[in-house]
Amino acid sequence: MAAQQVGPRNATWLLGLPGAAAVIIFVIVPYINIAVMSFRVSSPSRAYDPGFTLDNYARTLGDPLYLGVLWDTVSLAVIVAVVSLVLGFPVAFFLARTRSRWQSLLYALVLSPLLVGVVIRSFGWIVLLANNGVINQLLGMVGIGPLGLMYNRLGVTIGLVHVFLPFMILPIMNAVQSIDPRFEEAARTLGASERRAFFRVVLPLSMPGIQSGAILVFVLAASAYVVPELLGGGRVMTTPTFVMQQLLGTFLWPFGAALALVLSATTLILIWLFTLLTKPVMRGLT
Amino acid sequence: MSRVIIRRLTKAYDSVTAVTGVDLEVAEGEFVSILGPSGCGKTTTLRCVAGLEIPTGGRILFGDTEVTALPPERRSIGMVFQNYALFPHLTVRRNIAFGLEMRGVRGAKAARRVADVMEMVQLPGMAHRYPRQLSGGQQQRVALARALVVEPSVLLLDEPLANLDAKLRDEMRFFIRSLQKRVGITTLYVTHDQAEAMTMSDRIVVMFDGTIHQIGTPEEIYHRPADRQVAEFIGSSNLIAGRVAEVREGYVTLETAVGMIVCRAGHRPAAGEQAMALIRPEAAELSREANAGSFAGRIVACHFLGNLIDYDIVLGDDTTHRVQTLGETLYAVGDEIAVSVPEEKAWLLSK
Amino acid sequence: MRRFPLWLLVFVALVYVFLLTPIVVVVATSVNAGYYLAFPPSGFSLRWYAAFFNSPSFMTALVLSLEVAGVAAFFAALIGTPAAMAYVRSRGPFREPFRLLLLSPLVLPEILTAIALLFFFNLFFSGLRSLVPLVIGHTVLIVPFVFLTVTSALYNMPAQVDEAARTLGATPGRVFFRVTLPLIKSGIIAGTMLAFIISFDNVTMSLLLKAIGTSTLPIQLFDYLRLDFDPTAAAAASISVVFTLGIVVIIDRMFGLRALRF
Ligand SMILES: Nc1ncnc2c1ncn2[C@@H]1O[C@H](COP(=O)(O)OP(=O)(O)OP(=O)(O)O)[C@@H](O)[C@H]1O
Ligand SMILES: [Mg+2]
């Protein structure tokens, strides 16, 4: 067993010290710092002016422009999560249940886009979706277009779904794999059609996977920077791109910090609401 | 070889106390089994002896040396785990040589010791295989060899036969026992299988709920159990309740609903006390005619077990009991018969 | 009984097309003779690869990426492996909080972590003039991957072999080097390779923490795509894809992809 019971002389916890120290110093402390920073007075000429203020939050929450961006970001992330679920569930189900000898290759193919950088994948989409890109050229041959597929929300949505789809597929696949196929068989012997067995047994039992996949994709999409920047071409503003603009363009650090924290707080609240709403279906499953 | 002395051993985990006040002495070269139902603290006791757990209270001595606070690698033990815990990345030979290497024994000397011990456990030609290429029984032998090669002073085994099939288990019982006798090593053996404990041990320790209920030879445990729990855990037992009518030296007469039963007793109860007679199924005798001291019964079921016939018998007080006889089936269901118990074959248990 | 209805198989195939097309397209662009990927393609050429290898800025970026990913993966393995052992092997009230702590860089939004680190280094270490912030940022970002893979390797270790080694006279140190390490080696290597890939592909953290005037390969690509589009970027991207897939194939051949658990 993993449980080592060599009591008081067991000092294995010491092994955790370097890791814990690294994360505390380089993640936790910086987060505390940024939280403090968001209450500082913004200054155009240096990091911040002396004193503390709530101005940054007031400006953030009182600014219709930023609230608009926040709404756009959150709604975009929700759409991305829903589309990923619709596309990802069948694939996850297939991967979990197939006995094909290609199974491990198919699994690797889901995994590998994850390991190819976001920039490269966005690049692929630029080549495909641009006004003179592959898709518009093909459409042109049959006399359609060119359609505006990129530098708008559509392009960003496509890119984000592509980038985060594996994060939906993998948890659902794990969940479906852990469902004993005999549950379905039992449902069939009890008179359920294949469809009903699926909707009454498999789907409810894969809820934990769906839940974690949805949360993961939502969070990742809401905080994505590269894809909106590249496929939005500056015309689709999301909180991360907006924050980066504030930070890198105007150097208003305290204001940027407040913006970023408001986005994170919003996503946390939404995740909390989501888990609350899905609680009834999760009963007894986790 | 050395004696193992366990004094008032107690081990508590966060929420449960697994072992309470265990006292036990294992003599040099003795084979002692710890027997008891699942969760009674057998493994915990053994792991404390091995040094894999630190006792909450009590002491453990090997001979005159206190080892309570010594880590396992400084205790000179050999341990065989239930799942063998062979190192999957090492060949059989290197698995066996591991303990020697840890003691700085290398080269030709180590090779000779490994070869000797492999011969001893009858594992010819397996030296270069990996554990996963061996059958369960072979893995078992490697585990034994690995534990024995360092010539430990104490051998500890935790249900080493639990993963083998019935036939192999029988074979390995005798193999381990004869090996132990040959090497003469002090051995502590944990099992929940009473047949195993009976056939292998010099003495058996019976545990329930973290405490020892009885320590004795297999015969003592079987014929003279210390209490009702031990009696019911070992073999099958018929218990007939009654009141002590007469106390003689070593014998007690019990007045029961079915008649008077004379029992042997390990203690002197007061007359009038409530007590119980333990009668093993093979201790009772059946006949068609009543004789002095026999009680009347009726056969309600009869099972043919091959070497034995197993009868369920209802006595006068409407309780059902089990009697086994050798030979042929002489009685049929529904037969009225007489049951008699020779006086040295019943055992008195206090209530 | 057929296992899957036809429509499901078609749907799954289409999703795979969706997943893989952009990557295929990048590679196609890189070997296309023309400036744009036109249909029909205007011919095969390796000129963009030549351009890539002759571009000092791409070469510097490639080297920097390899350096940063290598160093960060090394440090991540160095602290992630013992951390996983501490988590698996110890008991007590701090066990789960410790795991959460180690996984937090994975769970927290990367952009926020990057911004927080940027402020942190600027305030406390006055600026970004060396590679240190970049390496630290990458290291904390990829530690969770080593931690997760090694944790699962430790859980998959056969039961009690370490205890068996103790009873045979091995000290805890020797148990680690003679028994534990050989058994979790594949997990450590796979986790470190994965961590390397993640670092090698990273944009957000690098963008904020790189020293002024330097750039990693993904950042170089990022700038190319934003500013002047040129198939040299496709060659760079393809090389990076092949490199990544190469590592994935190695991991798969050596340990099976299931060694990567996250
Ligand atoms: N690491 C532990 N943490 C908490 N409780 C434990 C631990 N190990 C054992 N226990 C508890 O201690 C008691 C005794 O366990 P032990 O393993 O000694 O039983 P056992 O007699 O060997 O049983 P079995 O025959 O099933 O192996 C049990 O109630 C068990 O749940
Ligand atoms: Mg046990």
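How far is an oxygen atom of ligand 1 from an N or O atom in the side chain of B:S38? In this predicted model, the separation comes to 2.5 Å. B:T43 plays along in a similar way, with a polar side-chain atom 2.5 Å from an oxygen atom of the ligand. For B:T44, an N or O atom of the side chain again sits 2.5 Å from an oxygen atom of ligand 1. Taken on its own, ligand 1 has 640 Å² of accessible area, and the protein covers 63% of that.

The shell around the ligand is drawn from chain B. It takes in the run B:S38, B:G39, B:C40, B:G41, B:K42, B:T43 and B:T44, along with B:Y13, B:V16, B:A18 and B:E159. Which element gives the most to this shell? That would be helix 1 of chain B (residues 42–50), which supplies three residues.

As for chain B as a whole, its secondary structure adds up to eight helices and 20 strands. Its C-alpha atoms fit a box of roughly 75 × 45 × 35 Å along the principal axes. Of its 351 residues, 52% count as buried.

Salt bridges turn up across the assembly, with 23 found over all chains. One of them joins the side chains of B:R8 and B:D23, at 3.0 Å from N to O. These two partners come from distant parts of the chain: B:R8 belongs to strand 1 (residues 4–12) of chain B and B:D23 to strand 2 (residues 17–26), with their positions 15 residues apart. B:R8 is exposed, at 54% relative accessible area, while B:D23 is partly exposed at 34%.

A second bridge in chain B stays within one element. B:E232 and B:R228 meet at 3.5 Å, N to O. Why are these two about one helical turn apart? Because they are four residues apart in helix 8 (residues 228–233) of chain B. In general, an α-helix has 3.6 residues a turn, so residues three or four places apart point the same way. Both partners are partly exposed, B:E232 with a relative accessible area of 42% and B:R228 with 39%.

A third pair, B:E336 and B:R298, is bridged at 3.8 Å from N to O. This one also ties together distant parts of the chain, with B:E336 in strand 19 (residues 336–340) of chain B and B:R298 in strand 16 (residues 295–304), 38 residues apart. Here B:E336 is exposed, with a relative accessible area of 53%, whereas B:R298 is partly exposed at 35%. Beyond simple pairs, a network of salt bridges links B:K11, B:R47 and B:E53 with C:E163, a residue of chain C.

Chain C also has a couple of helices worth a look. Helix 8 (residues 172–201) of chain C has 30 residues, and a straight helix of that length would span 44 Å at 1.5 Å a residue. Between its end C-alpha atoms, though, helix 8 of chain C spans only 38 Å. Where does this helix kink? A kink of about 55° lies at C:L181, shortly before the proline C:P182.

Helix 5 (residues 110–124) of chain C is another story. Its 15 residues reach 21 Å from the first C-alpha to the last, close to the 21 Å expected at 1.5 Å a residue. Buried or exposed, how do its residues fall? 11 of the 15 are buried, so the helix is largely enclosed by the rest of the structure. The buried stretch includes C:I111, C:L112, C:I115, C:L117 and C:L118, and C:F119, C:F120 and C:F121 are also among the buried residues. Just after helix 5 of chain C, C:S126 takes a positive phi of about 35°.

Over in chain A, A:L115 lies in helix 4 (residues 103–115). With a relative accessibility of 2%, A:L115 counts as buried. A:L115 and A:L165 are 50 residues apart in sequence, and their C-alpha atoms are 13 Å apart in space.

Key:
Residues are numbered from 1 along each chain as its sequence is written. Chains are lettered from A and ligands numbered from 1 in the order in which they are written. This is a predicted model: local features need pLDDT of at least 70, side-chain atom pairs count only at pLDDT 80 or more; totals for chains, interfaces and linings use all residues. Side-chain values use heavy atoms; hydrogens and water are left out. A salt bridge is a side-chain nitrogen of Lys or Arg within 4 Å of a carboxyl oxygen of Asp or Glu. Buried means under 20% relative accessible area, exposed over 50%, partly exposed in between (1.4 Å probe, protein chains only). The expected span of a helix is 1.5 Å times one less than its number of residues. The bend at a residue is the angle between axes fitted to the seven residues ending there and the seven starting there. A residue is near a molecule or strand if one of its heavy atoms lies within 4 Å of it. A polar contact is a pair of N or O atoms within 3.5 Å; within protein, one must be able to donate a hydrogen and the other to accept it, and residues adjacent in sequence count only if both atoms are side-chain atoms. Accessible areas come from the Shrake-Rupley method with a 1.4 Å probe; for residues, only the protein chains shown count as cover.
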